[in-house]
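Me: Could you walk me through the labels on this one? I'd like to see each value set against its cut-off.

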Amino acid sequence: MSEGHSTYTPTSGLGRWFDARLPLPRLVYDSFVAYPVPRNLNYFWAFGGILSIMLVAQILTGIVLAMHYVSDTHLAFGSVEKIMRDVNSGWLLRYMHSNGASFFFIAVYLHIMRGLYYGSYKAPRELLWILGCIIYLLMMATGFMGYVLPWGQMSFWGATVITGFFTAIPLVGTWIQELLLGGFAVDNPTLNRFFALHYLLPFMIAGVVVLHVWALHVVGQNNPTGIEVKSKTDTVAFTPYATVKDAFGMLVFLLVFAYFIFYMPNYLGHPDNYTVANPLKTPAHIVPEWYFLPFYAILRAITFNIGPINSKLGGVLAMFGSIAVLFVVPWLDTSKVRSAVYRPWYKLFFWIFVADAIFLGWLGSRPAEGSYVAMAQVATLYYFAFFLVIMPLLGLIETPRRLPNSITEAVLEKNRGSGSAHPEGAAASPETRG
Amino acid sequence: MKKILASLAVAGLVMAGSAAVAQEEGHSAAEPTHFPIHKPVQMDWSFAGPFGTYDKGQLQRGLKIYKEVCSACHSMNLVAFRTLADLGYSEAQVKAFAAEYTVQDGPNDDGEMFERPGLPSDHFPSPFPNEQAAAAANGGAAPPDFSLLAKARGVERGFPTFIFDIFTGYAESGPDYIHSLLTGYSEEPPAGMEIAEGTHYNPYFIGGKSLAMAPPLSDDQVTYDDGSPQTVDQYSRDVAAFLMWAAEPHMEDRKRTGFRVVIFLLLFAGLVYATKRKVWAGVAH
């Protein structure tokens with residue numbers, strides 16, 4: 001949609017001088033003011049903006065926390081407590097940062113769900129989707145390493161378990177694990193390199209975000225109908241329409257975020273992480289942060305050997321595979337229709353998939369014993385079947401509902417349906433909101 | 001009608017909760033595999049809820065319990081004497097309190113370590129010189145440090161309670177656990193259960209069926225000068241509240257700030273929503 005040429009006209013002499021030398025104001029104007037967005041976007045499209053402010057908030061609080069944090073196994077736990085007790089507003093920074101990680105993941109999961117539901121990964125948005133997957137992968141690495149830094153019991157044992165995955169890889173596994181750890185076990189070198197990487201990765205995320213937004217501005221936004229923008233009436237200007245709607249979505253999100261920071265800041269954490277790491281004392285149940293639980297359940301669901309692959313390697317492959325499969329989603333989905341709104345069967349399987357992912361998360365928090373294992377195996381099977389069987393087959397056999405000819409037609413149709421008091425429908429029906 | 005629905009909902013929750021508990025306790029009573037055997041009893045705490053504040057009198061009583069009973073074995077390394085001003089003590093009182101302790105300092109100009117009375121800037125000294133000494137004096141396991149205990153202990157709430165907790169704002173599982181543990185020694189172990197030599201049965205203990213710590217409190221053990229009942233139950237509440245303060249000294253500030261932030265966000269969101277309605281009024285979407 002950026003095929004239209006720029007409509008930016010500098011009004012001042014200084015503006016014209018600048019524009020002729022470095023057209024940065026023009027870039028900002030074209031990207032965030034005049035940029036045309038589909039008129040029918042709903043609040044799920046606010047999560048891109050929400051994720052941007054979460055990234056900025058994490059980097060800002062993180063930089064200040066790093067000024068007080070000490071990455072030494074003898075001092076790390078105490079330095080975090082010093083932040084909590086003695087640094088001015090240190091408790092606020094620390095709780096913002098630790099809960100911020102959780103809310104970053106809440107937002108990214110809703111963002112991914114939105115993409116899967118409305119088919120936002122389909123041509124021409126494959127690269128946009130893959131860049132998003134890379135951001136998600138970097139977020140996971142950052143979140144994991146950040147959780148190690150306070151050097152509590154779960155930090156230490158979580159790091160021990162997760163770096164242990166790599167030993168399952170044949171031939172080079174142990175070498176990779178020792179490279180990650182900087183030794184034979186989680187210790188001071190591990191903490192130091194994790195701190196360095198935890199500081200580095202967010203800036204790499206920011207870099208990939210730039211590419212993600214660039215790709216978005218080339219192909220344009222998808223929308224709830226999944227129909228490409230065809231004419232000027234299909235879109236509205238980014239400012240004020242999308243800015244004000246996104247701003248409202250962000251504020252509602254921040255309200256929930258604030259509720260957790262100020263009233264239940266430890267709800268999403270684990271009590272064991274308030275006990276200093278002790279390599280000689282294993283916690284009763286080692287669990288990762290909540291946002292990794294579905295993958296942890298998939299890892300532990302593989303309790304059997306498959307040919308030459310033993311259960312440990314099988315579990316690790318399944319876990320990495322569950323994320324890797326996201327990268328090829330654009331080519332797994334064979335349907336010509338993007339949006340689940342017009343795909344009754346896909347819609348059903350999509351919601352089962354969402355329930356399945358949440359169920360896997362709950363199973364990840366349970367001990368891997370008894371009936372939990374069997375349930376995790378069934379849920380893992382559906383997780384993969386959704387991508388590898390349902391997505392390719394459904395596109396071939398499903399009969400989609402009739403698609404409107406354009407976004408404008410879809411909007412007018414919807415407004416006629418909901419607001420019968422407005423015969424013309426188009427002009428004004430402020431009470432119907434997308 | 002609303003009331004009937006609400007009470008139905010509550011009854012449903014209670015039944016679901018007790019069903020979950022029953023399921024948890026479905027295993028053999030003599031050989032339990034999941035701990036604690038009983039979930040902690042939920043208490044009313046002055047610091048619960050969005051407007052909760054610490055009861056200073058209670059914190060002072062809790063400090064007394066800690067000083068006269070717990071501190072014989074449990075350290076509290078992260079808490080400085082100066083922060084006791086939060087409990088309502090004057091600067092002079094804090095100074096006098098700190099001076100009752102002896103703190104090792106040094107080396108001085110002669111290279112010698114020396115002992116001096118505590119200062120408000122000092123932290124509570126440990127009862128043992130190091131962790132090994134603490135472990136050796138306590139049957140092989142060092143008693144846990146108290147600074148963060150109220151946040152470091154929490155019994156899993158289970159499904160679906162953990163979801164309701166978000167809406168009720170329940171964040172007191174630590175003090176609930178501590179209170180239940182301290183008052184939980186009186187129960188007799190079920191018939192057939194073997195209790196290891198030198199340990200004490202406590203169905204509220206998170207780590208097993210019994211623990212090495214003997215019942216630390218008894219009625220009338222500590223004298224209260226404010227007329228509060230001198231019972232194990234009251235002692236336990238007071239020390240649990242004190243430990244919550246020790247673990248989360250800025251809680252009151254946090255909740256106060258939170259209220260202002262939430263009010264601001266609500267007003268701002270309301271204004272932005274009105275603006276959004278106005279901006280989109282002419283556009284079908």
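Reply: Here are the labels, taken one at a time. It is a predicted model, where local features need pLDDT of at least 70, side-chain atom pairs count only at pLDDT 80 or more, and totals for chains, interfaces and linings use all residues. Residues are numbered from 1 along each chain as its sequence is written, while chains are lettered from A and ligands numbered from 1 in the order in which they are written.

Me: What makes H7(B) and H8(B) roughly antiparallel to each other?

Reply: H7(B) (residues 173-183) and H8(B) (residues 232-247) pack at about 150 degrees, axes 9 Å apart. Angles run from 0 to 180 degrees between N-to-C directions, with axes fitted to C-alpha atoms, for helices over the stretch in contact. Under 35 degrees counts as roughly parallel, over 145 as roughly antiparallel, 65 to 115 as roughly perpendicular and the rest as oblique. So H7(B) and H8(B) come out roughly antiparallel. The helices themselves are DSSP runs (H or I, at least four residues), numbered from the N terminus.

Me: Which way does H7(B) cross H8(B), left-handed or right-handed?

Reply: Right-handed. That's the label if the near helix is turned clockwise from the far one by less than a right angle; anticlockwise would be left-handed.

Me: And what is the angle between H14(A) and H15(A)?

Reply: About 150 degrees again for H14(A) (residues 344-365) and H15(A) (residues 371-397), with axes 10 Å apart. This pair is therefore roughly antiparallel too, but its crossing is left-handed. Among the residues making the contact are Trp345(A) and Phe349(A) of H14(A), plus Tyr372(A) and Phe386(A) of H15(A). By class, that contact has 17 nonpolar, no polar and one charged residues. Here Ala, Val, Leu, Ile, Met, Phe, Trp, Tyr, Cys and Pro are nonpolar, Asp, Glu, Lys and Arg charged, and the others, Gly among them, polar.

Me: Why is Tyr147(A) called buried?

Reply: Tyr147(A) has 24 other C-beta atoms within 10 Å. Buried takes 20 or more within 10 Å, exposed 12 or fewer, partly exposed in between, with C-beta atoms placed from the backbone. So Tyr147(A) is buried. It lies in helix H6 (residues 126-148) of chain A.

Me: Leaving aside neighbours within four places in sequence, what is Tyr147(A) in contact with?

Reply: Ser155(A), Gly158(A) and Glu289(A). Contact means C-beta atoms, placed from the backbone, within 7 Å. The 8.6 Å between Tyr147(A) and Gly158(A) is C-alpha to C-alpha.

Definitions and conventions. Helix = DSSP H or I, 4+ residues; strand = E, 2+ residues; numbered from the N terminus. Contact = placed C-beta atoms within 7 Å.
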